Amino acid sequence: MTEGEALAAITREKVIMVVRAPDPAAAEAAIEAAVAGGVRAVEVTFTVPGAVEVIRNLSGDSRLIVGAGTVLNIEQAESALDAGAQFLVSPGLDVGVVEHVREAGVLMLPGVFTPTEVMRALELGAPAVKLFPADLARPAYVRALRGPLPDVKIIPSGGINADNAAEWLATGAIAVGLAGSLSPATVDPDRESITAEARRVMAAVGITQHPCTEGVVL
C-alpha cells in the first residue's frame, strides 16, 4: 500500500483504533472485538508488549489498514515497517523518523500541536498530521489551524469518543484516533462492550456497515 493509498483508506474509514494493552493477547482480543463492530484502521502502539508481532499478525488481513503508533525513533520505525505496517504514527515531530519513513514510501503521521509544528511537518512533506493531545484542545482548533494552513490534513487523537467524534470531523479533521473507549488497557477486555462501542463510533461518523463484519482471525 502506497503512502497515498493508506491516507485515502484512513480518510474513508474516518476512525483509527489506537491500541494500548498490557500484553499481545489483550491487544488482539480488543482488536478482534472492534473489527466485529466495523473498525478497519488499527494503530498498534509500541507501548503494547510484543507490538511488532501483533502488527505482523494483522498485516496479512486484507480487510485492515494496519499501522504502528508511538513510534519514537528510527529503530522502532524499521521494525514496524519490517512487520508490514502500512502507516506509522508518532506522538511528536521527529525529523529523522519522518524522513526515514517517507523515504520508504510509507505514510507517516507525525504528532503536532502548535502552528509551528504543523508548518514544520508540512515542510518535511508529511501528507497528514496527528493532532495530539487533542483533549487539550477543542474541535474548533482544527478549523482555526486550517484557516492559515488550508491544505493541512489533521487527525486528532486523545479524548475522542462516539459523543464527540463527529464534531471533530465537522470542523475539518479527516479522521479521528480513539484509544480508551475502544481499547481499554486491561488484561481481559470486555469484547461485547468494545464491539458495541465500535458500532456506536462508526455510526456517529456515518459508517454503518461493511461488506465483511466478522472479527479478524489472529
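This briefing walks through helix packing, a cavity and two unusual backbone spots in the structure above. Keep in mind that the model is predicted. Two packed helices are described by the angle between their axes and the distance between the axes, so look out for those two values in each helix pair below. Helix H2, residues 24-36, is a good place to begin: H2 packs with helix H9, and the axes of H2 and helix H3 also come within 10 Å.

**Helix H2 with helix H9**

- Helix H9 covers residues 191-204, and its axis lies 7 Å from that of H2, at an angle of about 40°.
- Angles under 35 degrees count as roughly parallel, and 65 to 115 as roughly perpendicular; the angle here therefore makes H2 oblique to H9.
- The two helices form a right-handed crossing.
- On the H2 side, the contact is made by Ala 29, Ala 30, Glu 32, Ala 33, Ala 34 and Ala 36.
- On the H9 side, the partners are Arg 191, Ile 194, Thr 195, Ala 198 and Arg 199.
- Sorted by type, the residues of this contact are seven nonpolar, one polar and three charged.

**Helix H2 with helix H3**

- Helix H3 runs over residues 51-58, and its axis crosses that of H2 at roughly 35°.
- H2 passes H3 in a right-handed crossing.
- From H2, Pro 24, Glu 28 and Ile 31 take part, and they meet Val 54, Asn 57 and Leu 58 of H3.
- This contact of H2 with H3 brings together four nonpolar residues, one polar and one charged.

**Helix H4 with helix H5**

- Now move along the chain to helix H4 (residues 74-82), which packs with helix H5 (residues 95-103) at an angle of about 25°.
- The axes of H4 and H5 are 9 Å apart.
- How is H4 placed relative to H5, roughly parallel or roughly perpendicular? The angle makes H4 roughly parallel to H5, because angles under 35 degrees count that way.
- The way H4 passes H5 is a right-handed crossing.
- H4 brings Ile 74, Ala 77 and Glu 78 to the contact, while H5 brings Gly 96, Val 97, His 100 and Val 101.
- Four of the residues in this contact are nonpolar, two are polar and one is charged.

**A cavity inside the model**

- How many cavities of 30 Å³ or more does the structure hold? The structure holds one.
- The largest cavity has about 40 Å³ of space.
- Its lining is made of Ile 16, Glu 43, Val 89, Leu 109, Lys 130, Ile 155, Ser 157 and Gly 177.
- By type, the lining divides into four nonpolar, two polar and two charged residues.

**Two backbone spots to find**

- Between Phe 132 and Pro 133 the peptide bond is cis, and its omega is near -5°.
- To find Pro 133, look in the loop between strand S7 (129-131) and helix H7 (139-146).
- Lys 14 is not a glycine, yet it has a positive phi of about 75°.
- You will find Lys 14 in the loop that lies between helix H1 (3-13) and strand S1 (15-19).

Methods. Residues numbered from 1 in each chain as written. Predicted model: local features only at pLDDT ≥ 70, side-chain atom pairs only at ≥ 80, totals over all residues. Heavy atoms only, no water. Axes fitted to C-alpha atoms, helices over the stretch in contact; angles between N-to-C directions. Helix = DSSP H or I, 4+ residues; strand = E, 2+ residues; numbered from the N terminus. Parallel < 35°, antiparallel > 145°, perpendicular 65-115°, else oblique. Left-handed = near helix turned anticlockwise from the far one by under 90°. Contact = heavy atoms within 4.5 Å. Nonpolar A, V, L, I, M, F, W, Y, C, P; charged D, E, K, R; others polar. 1 Å grid on protein atoms, 1.4 Å probe; cavity = no way out; pocket = protein on both sides within 12 Å on 5 of 7 lines; lining within 4 Å. Points joined across faces, edges and corners; volume = space filled by probe spheres on them.
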